[in-house]
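Please open the structure in the viewer and keep the sequence at hand. The tour below proceeds by selections, each followed by a description of what is to be found there.

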Amino acid sequence: MSAEPRVVALGGGHGLAATLSAARRYAGEVTAIVSVADDGGSSGRLRRALGTPPPGDLRKCLVALGDADRVWTRAFEHRFAEGELEGHALGNLVISGLAEVTGDFLTALTEAGRLVGTVGQVLPATRVPVVLKAHARDGGDVEGQVAIGLVGPVDGVSVVPADPEVYPEALDALARADQVVIGPGSLFTSVLAVAAVPALREALSRTRGRKVYVCNLRPQVPETAGFDVAAHVEALLAHGVEVDVVVCDTAALPLGSPSAAVVDRRLARPGGLAHDPARLAAALEDLVR
């Protein structure tokens with residue numbers, strides 16, 4: 001029988017990795033459902049070259065749930081500084097190579113997880129890479145995660161293809177979850193890149209788990225310039241995602257009047273640029289008791 005609480009975390013990038021670092025401190029079972037909309041940097045290069053889901057955000061999650069004392073865990077984050085491999089993270093290359101050898105991307109992630117000693121499961125949000133699409137508030141459609149992140153506030157995001165296939169393991173994890181943690185991370189290009197997948201959005205609406213949104217510590221310019229906590233919650237609602245609780249730190253982000261219950265705590269590391277895993281874990285653990 002699985003240990004409780006069963007925690008599922010959704011998003012992408014450094015934000016989701018922070019949540020996983022927190023969740024592993026109190027969860028009996030952890031599952032990450034990770035955006036595969038990335039089209040920039042090392043991930044974008046491998047995506048274009050190989051046609052596979054971008055590995056970068058998945059790598060970050062494997063490492064966040066990995067054994068910090070293993071050399072493989074440290075090596076996965078090593079980034080080459082010169083030559084033809086300049087800019088590539090070793091872990092991205094390993095995941096891509098394992099996918100070619102095994103012929104299955106999910107198997108590749110499982111094997112990569114063995115190398116770094118991952119606790120829990122890391123799943124791509126969809127079986128195939130998706131293209132993120134948005135309508136900019138100043139007019140015109142924009143495609144691609146990198147382009148959307150640079151264009152400024154948008155009215156909403158969707159994915160292409162419009163209804164991509166998801167892994168059954170992701171749906172099962174959401175169905176069994178005691179707690180579902182959404183974010184933190186880039187609101188439109190990471191968090192909503194997962195929630196915009198129809199099958200996952202529907203599974204979120206049906207889960208019995210308590211849905212907790214971890215808000216960013218400050219506005220992300222230009223993507224959420226001028227946003228307060230309430231504006232983040234409204235963006236989620238506009239994409240069909242209703243949360244039970246918002247966990248935030250209003251030291252540098254105004255609260256506004258969110259339509260969900262609020263837990264406001266000091267959550268930032270020194271310097272205020274990232275969530276402190278221990279502080280975030282304490283806040284999230286209180287919400288499963």
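**First stop: the sheet of seven strands**

Begin by displaying the strands in the order β3-β2-β1-β7-β8-β9-β10, which together form an open sheet of seven strands with parallel pairing. Please bear in mind that this is a predicted model. Next, select residues 121-124 and 261-264: these are β3 and β10, the edge strands, each of which pairs on one side only. If the sheet is followed across its strands, the twist averages 20° from one strand to the next.

Strands of a sheet pair through backbone hydrogen bonds, and the pairing is either parallel or antiparallel. For an example of the parallel sense, select residues 6-11, which are strand β1, together with residues 29-34, which are strand β2; the two pair over six bridges. Within this pair, which residue of β2 is the bridge partner of V7? Colour V30 to see that partner.

**Second stop: the sheet of three strands**

Now turn to the strands β5-β4-β6, given here in their order within an open sheet of three strands with antiparallel pairing. Select β5 (141-143) and β6 (154-160): both stand at the edges with a single partner strand, so one side of each has no neighbour in the sheet. Here the twist from one strand to the next averages 25°.

Add strand β4, residues 131-136, which pairs with β5 in the antiparallel sense over three bridges. To inspect one bridge, select H135 and its partner in β5, D141.

**Third stop: two crossing helices**

Select residues 90-102 for helix α5 and residues 105-116 for helix α6; their axes come within 8 Å and cross at roughly 130°. Oblique is the term for angles that are neither under 35 nor over 145 degrees and lie outside 65 to 115, and therefore α5 is oblique to α6. The crossing of α5 past α6 is right-handed.

**Last stop: the largest pocket**

Where should one look for the centre of the largest pocket? Select G13, H14, G15, G185 and S186, the closest to that centre among the 42 lining residues. The space in this pocket is about 1000 Å³.

Next, show the helices α1 (13-23), α2 (41-50), α3 (56-64), α7 (145-151) and α9 (187-195), each of which supplies at least two residues of the lining. Finally, colour the lining by class: 13 residues are nonpolar, 20 are polar and nine are charged.

Note on methods
Residues are numbered from 1 along each chain as its sequence is written. This is a predicted model: local features need pLDDT of at least 70, side-chain atom pairs count only at pLDDT 80 or more; totals for chains, interfaces and linings use all residues. Side-chain values use heavy atoms; hydrogens and water are left out. Two strands pair if DSSP finds at least two bridges between them. Helices (H or I, at least four residues) and strands (E, at least two) are DSSP runs, numbered from the N terminus. Axes are lines fitted to C-alpha atoms, for helices over the stretch in contact, and angles run from 0 to 180 degrees between N-to-C directions. On a 1 Å grid over the protein atoms alone, a cavity is a set of points where a 1.4 Å probe fits but cannot get out, and a pocket is an open set with protein on both sides within 12 Å along at least five of seven lines; lining residues have an atom within 4 Å of a point. Grid points are joined across faces, edges and corners, and a volume is the space filled by probe spheres set on the points. Ala, Val, Leu, Ile, Met, Phe, Trp, Tyr, Cys and Pro count as nonpolar, Asp, Glu, Lys and Arg as charged, and the others, Gly among them, as polar. A crossing is left-handed if the near helix is turned anticlockwise from the far one by less than a right angle, and right-handed if clockwise.
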